[in-house]
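Here is a set of exercises to work through with the model open beside you. Try each task before reading its solution.

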Amino acid sequence: LILTQQQRLAGLSPDLAQRMIAIAEALGQRRLDDAERGAIAAYTMAPKHPEVLHQFGRVQCQRGRFEQGLELLVRACQLRPNDALIFSDMGNAYESLMDFTHARAAFERACQVGAEYPSCWYNLARRQMTDGDVEPAIQSLQRAVKLAPHHVAARSMLASALSAEGRTGEAIAEFRRIIATRRRRLRRPRQ
């Protein structure tokens, strides 16, 4: 399920909703000090809101505090069990803790509840490839590039997986698509 920002922030005061937007932006810009200050403040005001828990969990993980981050993400997931992004972040946290079985389960659940998110399929495929499950990874990557044809990392991994399986013609076609995408981007006029 793709949740809108409004759905993610439902139940928060307008001020706290703005703080949550600022936290997400700070995380995206790798301004971890700002994100952490905001997340701590938000958590003191709404310690049971799933988006507050989610973003605070992300902050903790980006700070390398994976156990604490995972605990927050699990709590967020219990409150919002249909949120693919929370499951995807849980998968990343489990991977950082070297718990690959739970990481894979979290990525699989992310795909079940967020089948329309290409990043969920990419993360699952990445885990499948690492686990040596190339054919399932190919299927996951095909879903990812179907949803996001210009997802170069997914297409590149797909080409490599196809090549590893001896499907050379298909691999070459994928590599050509990557090159074509890059050429189109280079030709675009800058604004």
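**Exercise 1. Decide whether Cys 61 is buried or exposed, then work out why neither Cys 61 nor Cys 111 is in a disulfide.**

Step 1. Cys 61 has a relative accessible area of 15%, so this residue is buried. The scale used here calls a residue buried under 20% relative accessible area, exposed over 50% and partly exposed in between, with a 1.4 Å probe and protein chains only. Cys 111 is buried as well, at 4% relative accessibility.

Step 2. Now look at the sulfurs. A disulfide is a pair of cysteine sulfur atoms within 2.5 Å. For Cys 61, the closest cysteine sulfur belongs to Cys 77 and is 14 Å away, which is too far for a bond. For Cys 111, the closest is that of Cys 120, at 5.5 Å, again too far for a bond.

Step 3. Check the rest: searching the whole structure gives zero disulfides.

A word on the source: this is a predicted model, in which local features need pLDDT of at least 70 and side-chain atom pairs count only at pLDDT 80 or more, while totals for chains, interfaces and linings use all residues. Residues are numbered from 1 along each chain as its sequence is written, and side-chain values use heavy atoms, with hydrogens and water left out.

**Exercise 2. Describe the overall build of the chain.**

Step 1. Count the elements: the chain has eleven helices and zero strands. Both are DSSP runs numbered from the N terminus, helices being H or I with at least four residues and strands E with at least two.

Step 2. Take the dimensions. The C-alpha trace spans about 55 × 45 × 25 Å along its principal axes.

Step 3. Consider burial and contacts. Of the 191 residues in the chain, 45% are buried. Contact means heavy atoms within 4.5 Å; among contacts between residues at least 6 apart in sequence, 50% join residues at least 24 apart.

**Exercise 3. Find the largest pocket and say what lines it.**

Step 1. Start with the volume, which is about 200 Å³. On a 1 Å grid over the protein atoms alone, a pocket is an open set of points where a 1.4 Å probe fits, with protein on both sides within 12 Å along at least five of seven lines; lining residues have an atom within 4 Å of a point. Grid points are joined across faces, edges and corners, and the volume is the space filled by probe spheres set on the points.

Step 2. List the residues closest to the centre: of the 13 in the lining, these are Arg 8, Ala 24, Glu 51, Gln 55 and Arg 58.

Step 3. Assign the lining to elements. Those giving two or more residues are α1 (5-9), α2 (14-28), α4 (50-62) and α6 (84-96). With four residues, α4 gives the most.

Step 4. Sort by character: five lining residues are nonpolar, four polar and four charged. Here Ala, Val, Leu, Ile, Met, Phe, Trp, Tyr, Cys and Pro count as nonpolar, Asp, Glu, Lys and Arg as charged, and the others, Gly among them, as polar.

**Exercise 4. Trace the partners of two glutamates, Glu 51 and Glu 95.**

Step 1. Glu 51 is in helix α4 and is buried, at 5% relative accessible area.

Step 2. The side chain of Glu 51 makes polar contacts with the side chains of Gln 55, at 2.8 Å, and Arg 80, at 2.9 Å. (A polar contact is a pair of N or O atoms within 3.5 Å; within protein, one must be able to donate a hydrogen and the other to accept it, and residues adjacent in sequence count only if both atoms are side-chain atoms.)

Step 3. Beyond its neighbours within four places in sequence, Glu 51 is in contact with Arg 8, Leu 9, Met 20 and Arg 80.

Step 4. Glu 95, in helix α6, is buried at 13% relative accessibility. Its side chain joins that of Arg 127 in a polar contact of 2.8 Å. Leaving aside neighbours within four places in sequence, the contacts of Glu 95 include Phe 100, Phe 107 and Arg 126.

**Exercise 5. Which phi values do Arg 30 and Met 98 have?**

Step 1. Arg 30 has a positive phi of about 60° although it is not a glycine. This arginine sits in the loop between α2 and α3 (32-45) and is exposed, at 56% relative accessibility.

Step 2. Met 98 has a phi near 65°, also positive in a residue other than glycine. Met 98 is in the loop between α6 and α7 (100-113), and is exposed at 60%.
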